[in-house]
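Q: I've just opened this one and I'm new to it. Can you walk me through it?

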Amino acid sequence: MQATSVDDNPSGAFAREGRFHLAGAADGPLARLRVGVKDMIDIAGRITGAGNPDWRASHAPAARHAPVVEALLAGGADIVGKTLTDELAYSLNGENIHYGTPVNPVTPDRIPGGSSCGSAVAAAAGLCDIGLGTDTAGSIRLPATFCGAWGLRPTHGAVSSEGVVPLAPSYDVVGWITRDAATLARVGRVLLPPAKLSSLPQRMLIADDAWALAGDEVRRGLASTLQAAQGRFDQVAHTTLAAEGLIAWQQAFRVIQGREVWEAHGDWITKSGPHFGPDIDERFRWASTIGADEAHAAGVERARITAQLDALLEDAVLCIPTVSFVAPLKGSSTAAEDRTRALCLLCIASLAGLPQLTMPVLSAGGCALGLSFIAARGKDIALLEHAAGWSQDQALSG
């Protein structure tokens with residue numbers, strides 16, 4: 001197997017030995033669309049490297065394609081390579097200590113975000129049409145935002161996670177990133193379960209406590225798009241999601257995530273002693289300390305939050321900023337406060353297993369931002385069709 005050269009991978013989006021061509025069906029709804037597959041997802045005959053050399057060295061090639069890969073190939077899409085990921089997907093930065101940082105096509109001096117960094121960069125830069133990735137705590141939504149692309153985190157369980165390296169299974173989903181809303185929707189029609197004919201509720205809720213977490217540049221940059229979004233609904237109302245503060249939701253989220261992360265990988269880490277980047281190593285060490293009682297208490301809180309959101313979204317769509325800050329400069333450490341604020345937003349859909357779509361917006365300062373819509377579980381296709389229709393209307397009016 002020949003390694004990917006720098007010339008073949010100028011953006012750094014593809015994983016080591018990640019460029020290849022695997023043709024899909026001769027025709028189909030995704031005919032000849034190019035897919036970059038995050039290196040957490042199995043492709044038959046190739047090692048799933050998970051962004052870490054020690055993982056790669058200790059695992060054999062996959063015996064079969066992950067079902068999501070099979071579905072894309074059957075739909076006519078072509079696989080054009082494996083894309084880079086943060087180590088075991090346990091980061092939101094997109095800076096891999098072993099393999100480098102893919103080049104953000106919007107702001108090359110800034111990080112692309114992760115952990116689906118390679119898929120976001122490849123899709124946004126036009127190196128593929130579909131960036132297939134995974135999302136646990138925002139790993140589709142955040143890099144799609146930083147790279148100026150569209151992204152969907154589907155309803156939990158709507159797309160098979162079989163053949164995917166887990167991180168925290170009760171949160172993990174397979175999602176995708178594209179340059180336009182129409183392609184985002186095309187993929188959804190292939191990968192998502194057939195949906196009954198339905199449309200989104202015509203009531204939009206603006207979560208004031210979520211918007212309060214966003215920085216000034218983000219709020220200013222999204223203001224006109226938010227106003228336009230309100231015109232797409234018959235009713236607009238404001239709400240507060242968490243009287244106790246979204247930080248409490250984030251804390252419950254991270255405890256459950258950490259417990260599941262260690263259950264998924266603790267044995268391998270203990271036996272293999274792999275080398276991780278400092279931040280990721282610290283997260284795994286912390287995850288190893290979470291006890292069953294702490295995780296159970298967080299699970300009770302999660303069930304309460306899920307029931308609250310299910311009731312709230314029976315007749316509404318929630319609108320929030322996708323990420324609370326603009327992409328940091330490469331090599332600068334993401335401030336703990338910024339990361340926490342971002343996770344306060346990103347954990348909302350993750351906790352309840354709800355579909356979230358992020359659309360790209362360019363700020364006056366030239367950084368890419370994201371505006372998100374969260375719908376009731378199972379409303380994925382309606383959410384995608386709504387976004388595609390809005391995008392088409394904007395193109396026609398422009």
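Q: How many salt bridges are there between domain 1 and domain 2?
A: The count there is one salt bridge. Keep in mind that this is a predicted model.

Q: OK, and which side chains meet in that salt bridge?
A: Those of Arg189 and Glu385, at 2.8 Å from N to O. Glu385 sits in helix 12 (residues 380-397) and Arg189 in helix 5, so the pair ties together parts that are 196 residues apart in sequence.

Q: Is Glu385 buried or exposed?
A: In between: Glu385 counts as partly exposed, at 35% relative accessibility. Arg189 is also in the partly exposed class, at 47%.

Q: Back up a bit. Where do the domains run?
A: The domain assignment gives domain 1 as 14-191, and domain 2 as 203-247 + 293-396. Their C-alpha centres lie 22 Å apart. The contact takes 39 residues from domain 1 and 41 residues from domain 2.

Q: What area do they bury between them?
A: About 3,200 Å², with 61% of it on carbon and sulfur atoms. On the domain 1 side, the residues that lose the most area to domain 2 are Arg110, Arg141 and Trp150, together 20% of what that side buries.

Q: And how many residue pairs are in polar contact across domain 1 and domain 2?
A: The count is 18 residue pairs, both residues being at pLDDT 80 or more. As for who supplies the domain 1 side, helix 4 (141-146), strand 5 (150-153) and helix 5 (181-191) each give at least two residues.

Q: Which of them gives the most?
A: Helix 5, with six residues. By type, the residues on the domain 1 side that touch domain 2 divide into 20 nonpolar, 12 polar and seven charged.

Q: Let's go back to salt bridges. How many does the count come to?
A: It comes to 15 salt bridges. One of them joins the side chains of Arg141 and Asp135, at 2.8 Å from N to O.

Q: Arg141 came up before. Is Arg141 buried or exposed?
A: Arg141 counts as buried, at 0% relative accessibility. Its partner Asp135 counts as buried too, at 0%.

Q: Got another salt bridge for me?
A: Sure, Arg179 and Asp129, whose side chains meet at 3.3 Å from N to O. The pair links distant parts of the chain, 50 residues apart: Arg179 is in the loop between strand 6 (173-178) and helix 5, while Asp129 is in the loop between helix 3 and strand 4 (130-135).

Q: Why does Asp129 count as buried?
A: Because its relative accessibility is 15%, and buried means under 20%. Arg179, on the other hand, is partly exposed, with a relative accessible area of 40%.

Q: New topic: which peptide bond is cis?
A: The one from Gly114 to Ser115, with omega near 10°. Ser115 is found in the loop between strand 3 (78-83) and helix 3. For background, most peptide bonds are trans, and most residues other than glycine have a negative phi.

Q: So which residue has a positive phi although it is not a glycine?
A: Arg32 is one of them, with a phi of about 65°. Arg32 lies in the loop between strand 1 (14-22) and strand 2 (34-38), and is partly exposed with a relative accessible area of 37%.

Q: Any other example to look at?
A: Try Ala50, which has a positive phi of about 55°. Ala50 is found in the loop between strand 2 and helix 1 (53-57). Ala50 is buried, with a relative accessible area of 0%.

Q: Now Ser119. What does Ser119 touch, not counting residues up to four places away in sequence?
A: Its contacts include Gly36, Val37, Lys38, Thr83 and Leu84. Also among them are Gly131, Leu132 and Gly133. Ser119 has its place in helix 3 (residues 117-124), and counts as buried at 1% relative accessibility.

Q: Last one: where is Ile305?
A: In helix 10 (residues 292-312). Ile305 is buried, with a relative accessible area of 0%. Setting aside residues up to four places away in sequence, Ile305 touches Trp249 and Leu351. The C-alpha atoms of Ile305 and Leu351 are separated by 7.6 Å, with the two residues 46 residues apart along the chain.

Technical notes
Residues are numbered from 1 along each chain as its sequence is written. This is a predicted model: local features need pLDDT of at least 70, side-chain atom pairs count only at pLDDT 80 or more; totals for chains, interfaces and linings use all residues. Side-chain values use heavy atoms; hydrogens and water are left out. Domain bounds come from an automatic or database domain assignment. Contact means heavy atoms within 4.5 Å. Buried area is the accessible area (1.4 Å probe) that two parts lose on being put together, summed over both. A salt bridge is a side-chain nitrogen of Lys or Arg within 4 Å of a carboxyl oxygen of Asp or Glu. A polar contact is a pair of N or O atoms within 3.5 Å; within protein, one must be able to donate a hydrogen and the other to accept it, and residues adjacent in sequence count only if both atoms are side-chain atoms. Helices (H or I, at least four residues) and strands (E, at least two) are DSSP runs, numbered from the N terminus. Ala, Val, Leu, Ile, Met, Phe, Trp, Tyr, Cys and Pro count as nonpolar, Asp, Glu, Lys and Arg as charged, and the others, Gly among them, as polar. Buried means under 20% relative accessible area, exposed over 50%, partly exposed in between (1.4 Å probe, protein chains only).
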